[in-house]
Amino acid sequence: GPFTDRVDQRLSFGVYAMHSSFPLDRLGWSAFYSQQLSLEDLSAGYPARVSSVQRSLVAVLCERGALNVVVPPRLADSAVAIGDWLLIAREAPRVLRILERRSLISRMAAGIEQRMQPIAANLNMLLVVTSCNDDFNLAVRERRAIKRRWGRMARAISRRGPGTPRE
């Protein structure tokens, strides 16, 4: 049935992805991250970049391919973000540590608990496109506040409003 077909597609994609290799330099690896790892770190694990976050399970890309890894409870408060570089244990698919970030985009988490929620890390560029028409609202202004936390990212802002000529 339709559900089984979807499961089969996901499984076949997962198997395909497991055989792919992702060179670190193509994922954005640089000397900034290399300098954070000792010989001891490299014998215990290998670097990987986060591509998806699902609570305590994180999808990463690395030279071994696309993998799902577990974030241990001791790192749960660190809040892994898409784009983070992690050190993954060689003997098991689990995170040993999170490498220092070059940049971070975060927002206030929903709910009563006042904490920052990371959205993405280690970006080289952020492109923000917003409308300046009557639909402009406070939520959009909040997104513009990200600008103060951009770090070393290149910034590009595009805005269009009534009467703005198309280019």
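In what order do the 5 strands of the open sheet stand, and is their pairing parallel or antiparallel? The order is β3-β2-β1-β4-β5, and the pairing is antiparallel. The model described here is a predicted one, and the account below moves from the overall make-up to the sheet, the cores and the salt bridges.

## Overall make-up

The secondary structure of the protein consists of 4 helices and 9 strands, which follow one another along the sequence in the pattern α-α-α-β-β-β-β-β-β-β-β-α-β. The protein has 167 residues, of which 34% count as buried, and its accessible surface comes to about 11500 Å², with 54% of that area belonging to carbon and sulfur atoms. Among the contacts in the protein with a separation of 6 or more, 57% are accounted for by residues 24 or more positions apart.

## The open sheet

In the sheet order β3-β2-β1-β4-β5, the edge strands are β3 and β5, each of which pairs on one side only. From one strand to the next, the twist averages 40°. Strands of a sheet pair through backbone hydrogen bonds, in either a parallel or an antiparallel sense.

Strand β1 (45–54) is joined to β2 by 5 bridges, the two strands running antiparallel, and β1 also pairs with β4 in the antiparallel sense over 5 bridges. Arg49 illustrates both pairings, since its bridge partner in β2 is Leu61, while in β4 it stands opposite Trp85. The strands β1 and β2 form a hairpin with 2 residues between them, and Arg55 in the turn has a positive phi of about 55°.

Strand β2 (57–62) pairs in turn with β3, again in the antiparallel sense, over 6 bridges. Within this pairing Val60 stands opposite Leu67 in β3, and the two strands β2 and β3 likewise form a hairpin with 2 residues between them.

## The nonpolar cores

Which residues have the most contacts inside the largest nonpolar core? They are Val58, Val60, Val80, Leu86, Ile88 and Val95, in a core of 15 residues. The elements that give two or more residues to this core are β1, β2, β3, β4 and β5, and these are also the strands named in the order of the open sheet. Val60 thus appears both among the core residues with the most contacts and opposite Leu67 in the pairing with β3.

For Ile88, leaving aside residues up to four places away in sequence, the residues touched are Ala44, Gly45, Tyr46, Ala48, Val69, Pro93, Arg94, Val95 and Leu96. Apart from the largest core lies another, of 11 residues, among them Leu27, Trp29, Leu37 and Leu87. In soluble globular proteins, nonpolar side chains tend to be buried together.

## The salt bridges

The count of salt bridges comes to 3, and they are set out here with the distance between the closest N and O atoms.

| Acidic residue | Basic residue | N to O distance |
|---|---|---|
| Asp41 | Arg97 | 3.1 Å |
| Asp84 | Arg101 | 2.7 Å |
| Glu91 | Arg94 | 2.7 Å |

In the salt bridge between Asp41 and Arg97, Asp41 lies in helix α3 (residues 39–44) and Arg97 in strand β5 (residues 95–98), so the pair ties together parts that are 56 residues apart in sequence. Asp41 has a relative accessibility of 17%, which lies under the 20% limit, and therefore counts as buried. Arg97, at 26% relative accessibility, counts as partly exposed.

Why can the salt bridge of Asp84 with Arg101 be said to tie together separate parts of the sequence? Asp84 lies in the loop between β3 (65–70) and β4 (85–89), whereas Arg101 lies in the loop between β5 and β6 (104–108), so the pair ties together parts that are 17 residues apart in sequence. Asp84 is buried, with a relative accessible area of 0%, while its partner Arg101 counts as partly exposed at 23% relative accessibility.

The remaining salt bridge brings together the side chains of Glu91 and Arg94. Glu91 has a relative accessible area of 60% and is therefore exposed, whereas Arg94 is partly exposed, with a relative accessible area of 31%. Arg94 also belongs to the residues that Ile88 touches, and in this way Arg94 features both in a salt bridge and in the surroundings of a core residue.

Conventions: Residues numbered from 1 in each chain as written. Predicted model: local features only at pLDDT ≥ 70, side-chain atom pairs only at ≥ 80, totals over all residues. Heavy atoms only, no water. Buried < 20%, exposed > 50% of the residue type's maximum accessible area, 1.4 Å probe, protein only. Contact = heavy atoms within 4.5 Å. Areas by Shrake-Rupley, 256 points an atom, 1.4 Å probe, with all protein chains shown as cover. Salt bridge = Lys/Arg side-chain N within 4 Å of Asp/Glu carboxyl O. Core = buried A, V, L, I, M, F, W, Y, C linked by side-chain atoms within 4.5 Å. Pairing = 2+ DSSP bridges. Axes fitted to C-alpha atoms, helices over the stretch in contact; angles between N-to-C directions.
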